[in-house]
Amino acid sequence: MAAYKVKVATGTDLLSGTMDSISLTIVGTRGQSHKQLLNHFGRDFATGAVSRCTCAVCVRVCVRCVCACVGRQGWAQTLSLLCGLPAGKTAAEDTLPILLEHRQEEIRAKQDFYQWNGYIPGFPILINIKATKFLNSNLRFSFIKTASFFFRLGPMALGFKLRGLVDCKQSWKRLKDIKKIFPANKSIISEYVAEHWAEDSFFGYQYLNGINPGLLRRCTRIPDKFPVTDDMVAPFLGEGTCLQAELEKGNIFLADYRILEGIPTIELNGRKQHHCAPLCLLHFGPEGNMMPIAIQLSQTPGPDCPIFLPSDSEWDWLLAKTWVRYAEFYCHEAISHLLETHLIAEAFCLAMMRQLPMCHPLYKLLVPHTRYTIQINSIGRALLLNEGGLSARGMSLGLEGFAEVMVRALSETTYDSLYLPNDFVERGVQDLPGYYYRDDSLAVWDALERYVTEIITYYYPCDAAVEGDPELQSWVQEIFKECLLGRESSGFPRRLRTVPELIRYVTVVIYTCSAKHAAVNTGQLEYTAWMPNFPSSMRNPPMQAKGLTTLETFMDTLPDVKTTCVTLLVLWTLSREPDDKVPRGSGCRRGWAYSKYRSMESLRRRLAQISHNIRQRNKCLPIPYYYLDPVLIENSISI
């Protein structure tokens, strides 16, 4: 007889623990111990409790690790909590029938608990909202985060109410009054935006290093729907050149908002709102500035759709640019932010929970990047995509229109577009100077890809190991089916066949759930607090003739005071830094063998060097770009 001493520790999160019966069985290659009940009189598994027991086994076994986790109370199911080897194990490595049975039981139980639910037709299928009440501690907000989230929101909302902002349905009387919304929330960038928002150079800069830096494309031919001529734009291209020459040099760029075309608007505060799907042509000049040179406020040219130019009257040109910034609001909030990070990450997470057992190496690799994502998405749906929420009270398109933008975008989402290095090449911006978002994102991507490569090649030494892992293939298949809705044109794989394919896939998942979100989320308040730079609604139709815009009509077109405050209140709440933030590279070490610690340490060193490089570069920039500084990147989408 051999006796093994086992220590069982209960988690320290609020409400961790259970009143259920917990038993222990030690399994070896030549047999297993009897099932031994660990309970004693009273509540053994209270929050933070540590209990010890001795288990007698007839055959000597080598126990590399025993690790029991007692989670939140409230699970109705009885789950077999696997105490997997530190390095994680694929199903092919678990040859004992009882261990394979445990894997299958765990997956069946999680699939019964975490269920898909069709939220809106054409949307990624998301988690059944009822299940969020019983999320485990990795997915559900901690008490500190929950309290701080709503503590911040409540006083700020009350302050708006007491100042009469959320009840005022009138136009802003003066532009400078908008600064009074957040008098105490200032940064270098927010102040720069408020001072320079009307300048053409800053308008163009935002396409490269603002909060929606993935839309601009190099233009090699002027589209028929945008009949810009050389005579129109020649004065803005510099001496000794013409539009065709600049096209051939690769200096002309296009921002096309066709995805917004034809979506109906709603009424806000008793007034009909308006909408457009503009086109904007930009020129990258020898001074290194991206400058707008032509704007059309419709996808259909005609006599009632003039092409606005920098030489037009001050207010005509400014209002045309503001309409483009309005379109940016929807492409950013609906597509780049909510769909391409939050909702797609939730699908990645839910498929992982349903198809990978906790002892699977991919589960161990990915679980730090799912922390709080389902919880914040559930809150976001209540704030954004709900009757009476932000989309219904603060946006021209309302709930149905906002959702329609995402449905259209998902129908065009491709696997290649999520593969970052390919995206820059496909848009023709891989060599554009001053594109700090591109430089920083590729540096972070490279660090992540190296880390993922080290982990994946350890567990999958050959292509056959990838193709022969049924749990991995079920995870990939479920993402294709539920997130991409089985759309073949998306290019998302139904299964993975080689090690490089798996490395690319996992890197896409981790980058989407961390750095990609940081790039589009962290700067939200800095770029939106000055509302004219990022309006969510427009109260007058797009201009159909030149020379009619004045300061008064400009102010009357912008969102009213109430709409402005409702929108900014939510954006302020959702862009605040988490109180229990886990930075990029601070992944959980539990469950990894020592050799994998070294991979994590290598990742941290690379990220530290990237952070140093970014901070050194920013010292020389008038507008620092720090949204992809690894120190500021959250490990998961938690806000």
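This passage describes the cysteines, the nonpolar cores, the largest cavity and the second largest pocket of a predicted model. Residues are numbered from 1 along each chain as its sequence is written, and side-chain values use heavy atoms, with hydrogens and water left out. Because the model is predicted, local features need pLDDT of at least 70 and side-chain atom pairs count only at pLDDT 80 or more, whereas totals for chains, interfaces and linings use all residues.

With a disulfide taken as a pair of cysteine sulfur atoms within 2.5 Å, the count comes to 0. The closest cysteine sulfur to that of Cys168 belongs to Cys565 and lies 8.4 Å away, which is too far for a bond. Accessibility is described here as buried under 20% relative accessible area, exposed over 50% and partly exposed in between (1.4 Å probe, protein chains only). Cys168 is partly exposed at 24%, and Cys242 is likewise partly exposed at 28%.

A nonpolar core is a set of buried Ala, Val, Leu, Ile, Met, Phe, Trp, Tyr and Cys residues joined through side-chain atoms within 4.5 Å. The largest such core holds 170 residues, of which Tyr207, Leu362, Ile456 and Trp475 touch the most other members. Its largest share, 25 residues, comes from H7, where helices (H or I, at least four residues) and strands (E, at least two) are DSSP runs numbered from the N terminus. Beyond its neighbours within four places in sequence, Leu362 is in contact (heavy atoms within 4.5 Å) with Leu356, Ile456, Tyr460, Leu472, Trp475, Leu502 and Val506.

Cavities and pockets were sought on a 1 Å grid over the protein atoms alone, a cavity being a set of points where a 1.4 Å probe fits but cannot get out, and a pocket an open set with protein on both sides within 12 Å along at least five of seven lines; lining residues have an atom within 4 Å of a point. Grid points are joined across faces, edges and corners, and a volume is the space filled by probe spheres set on the points. The whole structure contains 7 cavities of 30 Å³ or more, and the largest has a volume of about 190 Å³. Among its 18 lining residues, His337, Leu338, Gly380, Leu384 and Leu574 lie nearest the centre, and H7 supplies the largest share of this lining, 5 residues.

The second largest pocket has a volume of about 1000 Å³. It is lined by 39 residues, with Gly214, Leu215, Arg217, Glu340 and Arg427 closest to its centre, and H13 gives the most to this lining, with 5 residues.
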